[in-house]
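Student: I have this structure open and would like to know how its terms are justified. Can we go through them one at a time?

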Amino acid sequence: MGDGAPTAILLGGLDDWTLDWRWPQQKLSKITRTCSVDRAGLGFSDPGPMPRDAAATVSDLYQALKSSHMQGPFILVGHSLGGLELRLFAYEHPQMVSGLLLIDPGIEHTTDRLGTPKAVRDKQLAFNRACLAKARAGQIVAGEIAPGETDPCVDAFPPQWPAEQKQLLLQISAQPSRFETWISQSDNMNGRSSDEVETARRKLGSIPLIILSRGGEDRFSAARNNDDQARLYAIWTGAHEDEARDSTRGEHRIVEGSGHWIYAARPDAVVRAFQEVVNAARASGNRPASN
């Protein structure tokens, strides 16, 4: 969507696909050309070979950009897991990156650092596997919540949407590859993917970089009291502060009044940061970052 250079590549969180970017992309595309990405196995993308770790996503994206008609270097915009993966892309291919905007990005070894209880991780994995079994059997109903669960495998669609649209979206959202990808990404996020980012980490020269963190009122599921909340929040935002130092032009900002999905709660902060990254990239002549 949109026109102008540099082109921005948008990559969402663990289970997100292009549909999740539909509102923020409309705003960002008024600033420059944008392209939202479906990982292999999600949305309109075919499944990819396992495991689905950060290296697999980066390899797919690199090949896609090299074979496309789009001209780089690119602005990379990543939310949650997408932020972690796009950091790996920038470390491995800095010559293809003219700027980075990371929106409450995932941090290396998240569950270990935040102390997420094993019972919580096991419950999420069991939910994902149950959804996969339903998907393989063609039994997923949008909005249906199984006994003992709090969420559906596929969210209900707005009632005003046309029946044909809802049917197509259910077909996309209930494909088995979605849950296979989800499970593999979750399995690898805290270990293999984190190790890949740590190993590849390097300085990014003067690439424009802005990292946005959720506001302090957001809750972490691993916390049991206010002291835990403050401690976990300090770990989360401290990691983002550290990541911002990868570039000599790195900035870390806390966006109050927002949770993890900053672009939904505070789109103004995301648009402003995006405009700054684009302006900085344009002012530098859209040149590749130095090694």
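Tutor: This is a predicted model, where local features need pLDDT of at least 70, side-chain atom pairs count only at pLDDT 80 or more, and totals for chains, interfaces and linings use all residues. Residues are numbered from 1 along each chain as its sequence is written, and side-chain values use heavy atoms, leaving out hydrogens and water.

Student: Why are strand S4 (residues 97-103) and strand S5 (residues 209-213) said to pair?

Tutor: Two strands pair if DSSP finds at least two bridges between them. S4 and S5 have 4 bridges, in the parallel sense, so they pair. Isoleucine 103, for one, has leucine 212 in S5 as its bridge partner.

Student: What makes strand S2 (34-36) and strand S6 (250-254) edge strands?

Tutor: The open sheet has 6 strands in the order S2-S1-S3-S4-S5-S6. S2 and S6 each pair on one side only.

Student: Why are Ser193, Ser194, Glu196 and Val197 placed on the same side of helix H8?

Tutor: In H8 (residues 192-200), these four are buried, that is, under 20% relative accessible area with a 1.4 Å probe, protein chains only. They cover an arc of only 160° around the axis, taken from the directions to the C-beta atoms, so they lie on the same side of H8.

Student: What covers the buried residues of H8?

Tutor: The cover includes helix H2 (54-67), H3 and helix H7 (176-189), in contact, meaning heavy atoms within 4.5 Å.

Definitions and conventions: Helices (H or I, at least four residues) and strands (E, at least two) are DSSP runs, numbered from the N terminus. Buried means under 20% relative accessible area, exposed over 50%, partly exposed in between (1.4 Å probe, protein chains only).
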